[in-house]
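Got your viewer open? Load the model and follow along, one selection at a time.

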Amino acid sequence: MNKQIVASLVATSLFPAAAWAEQNTETVVVTASRFAQSDASVLQSATILTRQDIARLQARSLVDVLRTVPSIEIAQSGGRGQIASIFMRGTESDHSLVLIDGMRMASSIKGSVDFNQIPVNSIERIEIIRGARATLYGSSAIGGVINIITKTNKERANVSATVGSLDHHAVSGAWATTLGDNGHFSGIAGYESNDGYNVHPTASNRGDQHGFTGRNAQLGYSHRWNTFWSADVTGRWYQNEYDYDNFGSLKHGWLESQALASTLNYRSDAWRATLSAEISQQENFDYRPGSDRKNNKTSDVEQVSTSLGLQYQATEDWLLGGGVDYRQDTFNEGSLITNPDDIAINPRDNLGTYLLTQFSPVEALSIEASARSDDNEQYGQHATWQTSAGLAIAEGYQLVASYGTAFKAPSLTELYGWGGNATLKPEESSNTELSLRGATADVDWSLTGYINNIDNMIDWDAEAKKNRNIGEVTIKGVELIANFDVASLHNQLSLAYKDPKKDNTGEQLARRAKRVAKWDASYQWERLQLGTQWQYQGDRLDYSGGEMLGSYSLWAVTASYQATDNLTVKGKVDNVFDKEYETAGGYPAAERAYFMTLDYHY
């Protein structure tokens, strides 16, 4: 089956199910149910990107990868290392739940995640589900879920080095091998630097450059005692330094993130069980040149998470699942919160329980239903539910209908940061989808229409200079995804149209275009691989001043040649036609750039 059709069927889940799928030959996929299951039983719409896809794109950041994904838009305040936000299907940047190996990132305590800061060299796979999925994952899964998987049980050893425009230098290495009969060890490390450019040119900051430096490392060990039991432990660390413009003057940003996670897995013929735990912390500093970084801490957040998931295959056509999640979020210190003593509950706990069933009453019909209850220490009980049905209407064609509810509890910065409002209510949404999928004349395609109604939307009130619930927002959209081959040229095409607007004013939501198109093509001939990526984004409203950001088309080209059995030489040109454009008002995107990579596998 074509990869995109599989990607249209499979969706995100916790990593342990993926580990079982890797180690066994049965036909299973990682699904939106948080368990592995056969692809024939999955109903959610998603995109799966493997490590090979990331290497083919020659992506230098997670932003480079996500900008190629259907129905995702990127807004970034300049080049590498600058703040980057994503908007999935027109929802807010904090309406996409971000997981690393199935666990939330600690930085989500403060609000949305800065995707530009996550190191790409450690990513094994990215799984993206579009649409509400709060019934399994809880708060924030309104627009979708992004699961960044770093763990692997495959053997590998490679070193990679890249040089490019703006004095870009990067080097990374990975090593994974078996230890004894039952153990597996992996290690990853990377370094990157980029001099950058003036991301927000003004009369007062001429000559400034806003660069980026990143360091990261990861160690992991997994052990299988027998066919029933296995476990793993992973430690992750990354540290980034970046420059940015602050009202015409240069400032430095610095962050350090670390996490320690462990998982215990059980598997029998009928049962699956996964027990996971993680503790993570992130520190951020913001300071001017010449000042003491340690005296300018903006935030120090800590998160403790545990999760237990169970699955029971009652019959061949009936699956039951469920689990419990516990999370404790703590804001230790930092100037991001105007007065930390004002935080009503710190740390803040959340206990979530969920149930899921999948069954097929007749061969042509598949049904999934799920429900979840979240007990938030600050906002009390919140229930969500979702149901989906897939009907095979003809050989090779499937009609899928889905309805689900979701919510997002206000973040600490929305409540107590600059312009915070302690009276904010949680955002709530209902999402309806109808999708038709099939294969016609060797073209694998899916056509999906959706309506997402969001109530109590949190937005900035410029007049009151604080956050507030602005009322209802309705996002209507349709997306077409197609995969097809023309001779030896493989093509992935996506077209999206949506109307994201506020119900009370009819105003289009900021930095989200009505029309977005993307094309990714690759050609393989013996040891040579060529590729091109194109994307179009229509006009959209900017946050500041209500001005419109102009539409743009971007091209990138890649080439890769396997010089020897071990050495691959790669090259990439970004923004081939040197297009001048902005994804955030006043912050010009990078000009044409060139990169060259040597990748040695041994």
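Start with the empty space: a search of the whole structure turns up 11 cavities of 30 Å³ or more. A cavity here is a set of points on a 1 Å grid over the protein atoms alone where a 1.4 Å probe fits but cannot get out, and a volume is the space filled by probe spheres set on the points, which are joined across faces, edges and corners.

Before going on: this is a predicted model, where local features need pLDDT of at least 70, side-chain atom pairs count only at pLDDT 80 or more, and totals for chains, interfaces and linings use all residues. Residues are numbered from 1 along each chain as its sequence is written, and side-chain values use heavy atoms, with hydrogens and water left out.

Now select Arg-104, Ser-108, Ile-109, Ser-140 and Ala-409: of the 28 residues lining the second largest cavity (lining means an atom within 4 Å of a point), these are the closest to its centre. That cavity has a volume of about 350 Å³.

Next, pick Arg-437, which is buried (under 20% relative accessible area, 1.4 Å probe, protein chains only) yet has no salt bridge, meaning a side-chain nitrogen of Lys or Arg within 4 Å of a carboxyl oxygen of Asp or Glu. Glu-433, the nearest side chain of opposite charge (Lys and Arg count as positive, Asp and Glu as negative; His and the chain ends are not counted), is 6.2 Å away.

Last, jump to the peptide bond from Asn-346 to Pro-347: it is cis, with omega near 5°. Then click Asp-167, a residue other than glycine with a positive phi, near 55°.

Conventions
On a 1 Å grid over the protein atoms alone, a cavity is a set of points where a 1.4 Å probe fits but cannot get out, and a pocket is an open set with protein on both sides within 12 Å along at least five of seven lines; lining residues have an atom within 4 Å of a point. Buried means under 20% relative accessible area, exposed over 50%, partly exposed in between (1.4 Å probe, protein chains only).
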